[in-house]
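Hi everyone, thanks for making time. I'd like to walk you through a structure that's probably new to most of you. Have a look at it first, and then we'll get going.

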Amino acid sequence: MILLTVTKGKYENMPTNLGDLPPELVLQIAQKLNTQSLLRLARSCWALYWLLMPEIGQRAHTAAFAPLDLYEENFIYDHGQRHGVDEPVFSLHASYGIPAGEFGASDWDALGKAVAGGELDNARGLLKHNLDPNSYVVSGERMLTLAVQSRNVDMVRMLLEFGADTSRLDLITNLSPLLHAARGQKEEIVRLLIEASTDLNANGVMQSIAAYCTPETMQMALAYGGNPAAISPGGLTVLHSIARHNDVHLFNLVQSELPAAILNAQNDVGHTALHIVLSDEYSPLAMPLARHPEVDMDIQDIWGFTVLHLAIRNRRFDVAHTLIQRGASFNLLSLHGENCLHLAVESGSVPITRMLLERGANGISNISEFRSIFSWATHHGDPEMVALFKQLVLE
């Protein structure tokens, strides 16, 4: 909340919203503010933005800030905010928001344009005149990120030669150039940045290399000190990325270095790596994980599904058979009351149903009007399944 307190004088009874101040008083205040405070004041409400534009424009040019049109493009007032009440936050570079006035100078006029445009000779000339290779543009990307985004290997190499720091993060997203390169599947640039001794264990880097790059690049990252057991604040591991990649070779590359805590780590929806691979009916990684002695088979995701639930539901009966043989619990219920026996009957797998019944699976139904799974199977008219129940349960 932005308030102005005046106890005496001609403005004594004026409203406290800054947008309702007399223009001449606003301009007087503006003269006393530094540039960042002026930007914050201008974006505290829409009326002040237009009133202070001439002053902002003058300072933008005299203080060597980025051109005014870039501020107008990147700092956009949010009309849903309450004037004088909410802290001013603006749309910045797509979906990111920052408090107004928390940006500094930029070399966008010259170096940024040369790097983004792939103008190698111009960029080299500017760097020789001591422009900072770690500078950034108004939307927060540093020079290395601009070169990565344009897929310009020669520009990345030249920036590194002039001392660009691969560990410097972009100002708003806090992403590293290596993370941009990995997510963009720019293999040659990823390897170049790894060779430049970038921080491979920064948040999300190894996970992105595992998810988007080749096994050869992942092997290089490991050789340069990347941690295969890295885990992000959100619970994402390298193994989660390998599971999404469905790459058995990558798994074989790192599995000896993965402790049980990583093998069983859950992401934001409670999925372990085995949960993830079982979403693919033909995943080649499902069996190696299902057989792994340290994989916990009874972890439930936020919907209550274990890996055995998913194996049966998604008709990976080979995986289900392995999990049951390893001793997975088959009487755990999902959020909707499904147990493994019900899912087996529903999927039509007589062998899995037989295995569960022989091991004492609970035949009570919790998800329909039928009192038992046998009643459900009878209603749905599967004669082979009904015969199995009669043989093993009713006799």
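So, take residues 303-335: the two end C-alpha atoms of that span sit 5 Å apart, and the span is 52% helix and 0% strand. Keep in mind, by the way, that this is a predicted model. Now slide over to residues 173-205. That stretch is also 52% helix with 0% strand, and its end C-alpha atoms are 14 Å apart. Where do those ranges come from? They're from UniProt, where an unreviewed entry lists "repeat: ANK" at residues 139-171, 173-205, 303-335 and 336-362.

Okay, zooming out to the chain. You'll find 23 helices in it, along with three strands. The chain has 395 residues, and 51% of them count as buried. As for what's on the outside, about 18,600 Å² is exposed, with carbon and sulfur atoms supplying 50% of that. And here's one on contacts: if you take those between residues at least 6 apart in sequence, 64% join residues at least 24 apart.

Let's finish on one residue, Val115. Which helix is it in? Val115 belongs to helix H5, which covers residues 108-116. Buried or exposed, then? Val115 has a relative accessible area of 0%, so it counts as buried. Who's around it? Setting aside neighbours within four places in sequence, Val115 touches Ala123, Met143, Leu146, Ala147, Ser150, Met155 and Leu159. And look at Val156 too: it's 41 residues away from Val115 along the chain, with 9.1 Å between their C-alpha atoms.

Definitions and conventions
Residues are numbered from 1 along each chain as its sequence is written. This is a predicted model: local features need pLDDT of at least 70, side-chain atom pairs count only at pLDDT 80 or more; totals for chains, interfaces and linings use all residues. Side-chain values use heavy atoms; hydrogens and water are left out. UniProt positions are given in the numbering used here, feature names are shortened, and annotations may be inferred rather than shown by experiment. Helices (H or I, at least four residues) and strands (E, at least two) are DSSP runs, numbered from the N terminus. Buried means under 20% relative accessible area, exposed over 50%, partly exposed in between (1.4 Å probe, protein chains only). Contact means heavy atoms within 4.5 Å. Accessible areas come from the Shrake-Rupley method with a 1.4 Å probe; for residues, only the protein chains shown count as cover.
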